[in-house]
Structure formats: C-alpha cells, structure tokens
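Colleague: I would like a close look at one part of this chain. Start from a single side-chain contact, then work outwards to the rest.

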Amino acid sequence: TLQIRNLGTVAGAEVVQVYVSSPDDGAAKPVKLLRAFRKVPLQPGEAQEVTLTIPMRDLAHYDVKTGSWKVQGGSYRLLVGNSSRQSALQQIGFSVSD
C-alpha cells in the first residue's frame with residue numbers, strides 16, 4: 001500500500017508498478033518481473049492510496065525435476081515505481097523459507 005499524489009495543475013494518471021526480484025539461483029532468468037500494476041486517475045492536487053497484492057503463486061517457478069510449481073527460498077526484493085527503469089520509489093526486502 002502506498003500513496004500517490006498529482007503535483008501538477010492538470011488532471012492525469014499514474015501507473016503504479018510492482019516488480020519482484022527473486023533470489024539468484026544460477027538459472028538464466030530476468031533480473032526483475034512485473035507482478036502487479038494499476039493505472040490511477042488523479043485530479044490536480046489529488047492524492048490516493050493504492051494497494052497492490054502479489055499472490056504467492058506469482059513467485060513460483062516450474063521445477064522440471066519434480067514436475068511441480070515451487071517458490072524458491074531466499075531473499076526477494078519488491079521494487080515499486082512508474083516504470084521498469086524508474087523503481088526507486090520503494091525497495092522492500094523479504095525472505096521466503098524453503
């Protein structure tokens with residue numbers, strides 16, 4: 001959950017994006033993956049609270065050895081911003097146990 005505000009003088013919209021960076025397991029994979037987003041219309045000076053949820057299944061990968069979906073244990077990071085290149089708003093770390 002975060003709050004965004006339109007600091008401009010005209011109505012607009014912002015797209016809040018949440019990327020997940022998973023633990024390095026040596027496999028070839030993207031550095032971060034888009035896991036949640038929402039477009040939020042805002043009037044001049046308006047602020048809104050935005051809540052985005054990432055289900056655990058969105059952290060899973062398919063394990064060909066076991067033939068099942070698994071969430072890798074280790075340290076993850078959430079990166080929140082308005083684009084894949086602009087995610088400096090928030091970086092939140094969390095861990096998942098095997």
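Modeller: Start with the side chains of Asp63 and Lys70, which make a polar contact at 3.4 Å. The model is predicted, and side-chain atom pairs count only at pLDDT 80 or more. Asp63 sits in strand 5, residues 61-63. Is Asp63 buried or exposed? Asp63 has a relative accessible area of 14%. That is under the 20% cut-off, so Asp63 counts as buried. Now set aside the neighbours within four places in sequence. Asp63 is then in contact with Ser68 and Lys70. Lys70 therefore appears twice for Asp63, as a contact and as the side-chain polar partner, given that contact means heavy atoms within 4.5 Å.

Next, the aromatic side chains. The structure holds one aromatic pair. Its members are Tyr62 and Trp69, arranged edge-to-face. The ring centres lie 5.5 Å apart, with 70° between the planes. The planes are over 60 degrees apart, so the pair counts as edge-to-face rather than tilted or stacked. How exposed are the two residues? Tyr62 has a relative accessible area of 43%, and is partly exposed. Trp69 reaches 61%. That is over 50%, so Trp69 counts as exposed.

Another ring has a charged partner. Lys32 lies over the face of Tyr19. The distance from the ring centre is 5.6 Å.

Now the whole chain. It has eight strands and zero helices. From the N terminus on, the order of elements is β-β-β-β-β-β-β-β. Of the 98 residues, 28% are buried. Take the contacts with a separation of 6 or more: residues 24 or more positions apart account for 54% of them. The chain exposes about 6800 Å², and carbon and sulfur atoms supply 51% of that area.

What about the nonpolar interior? In soluble globular proteins, nonpolar side chains tend to be buried together. Here the largest nonpolar core has 14 residues. Ile4, Val16, Val18 and Leu52 touch the most other members. Four strands each supply at least two residues of this core: strand 1 (2-5), strand 2 (12-21), strand 3 (33-42) and strand 7 (74-81). Look at Leu52 in particular. Not counting residues up to four places away in sequence, Leu52 touches Val16, Val18, Ala36, Phe37 and Arg38. Val16 and Val18 are thus named both as contacts of Leu52 and, with Leu52, among the core residues that touch the most other members.

Finish with the loop between strand 1 and strand 2. Asn6 is found there, and so is Gly8. The side chain of Asn6 reaches the backbone nitrogen of Gly8 at 2.7 Å. Which of these two residues is buried? Asn6 is, at 13% relative accessibility. Gly8 counts as partly exposed, at 35%.

Both residues also have contacts further along the chain. Leave aside neighbours within four places in sequence. Asn6 is then in contact with Ala11, Gly12, Leu42, Gln43, Pro44, Gly45 and Glu46. Gly8 touches Pro44 and Gly45. Pro44 and Gly45 are therefore contacts of Asn6 and of Gly8, with contact meaning heavy atoms within 4.5 Å. Gly8 and Gly45 are 37 residues apart along the chain, with 6.8 Å between their C-alpha atoms.

Conventions:
Residues are numbered from 1 along each chain as its sequence is written. Side-chain values use heavy atoms; hydrogens and water are left out. Buried means under 20% relative accessible area, exposed over 50%, partly exposed in between (1.4 Å probe, protein chains only). A polar contact is a pair of N or O atoms within 3.5 Å; within protein, one must be able to donate a hydrogen and the other to accept it, and residues adjacent in sequence count only if both atoms are side-chain atoms. Rings of Phe, Tyr and Trp (its six-membered ring) pair if their centres lie within 6.5 Å; planes under 30 degrees apart count as stacked, over 60 as edge-to-face and the rest as tilted. A charge sits over a ring if NZ of Lys or CZ of Arg is within 6 Å of the ring centre and within 35 degrees of the ring normal. Accessible areas come from the Shrake-Rupley method with a 1.4 Å probe; for residues, only the protein chains shown count as cover. A nonpolar core is a set of buried Ala, Val, Leu, Ile, Met, Phe, Trp, Tyr and Cys residues joined through side-chain atoms within 4.5 Å.
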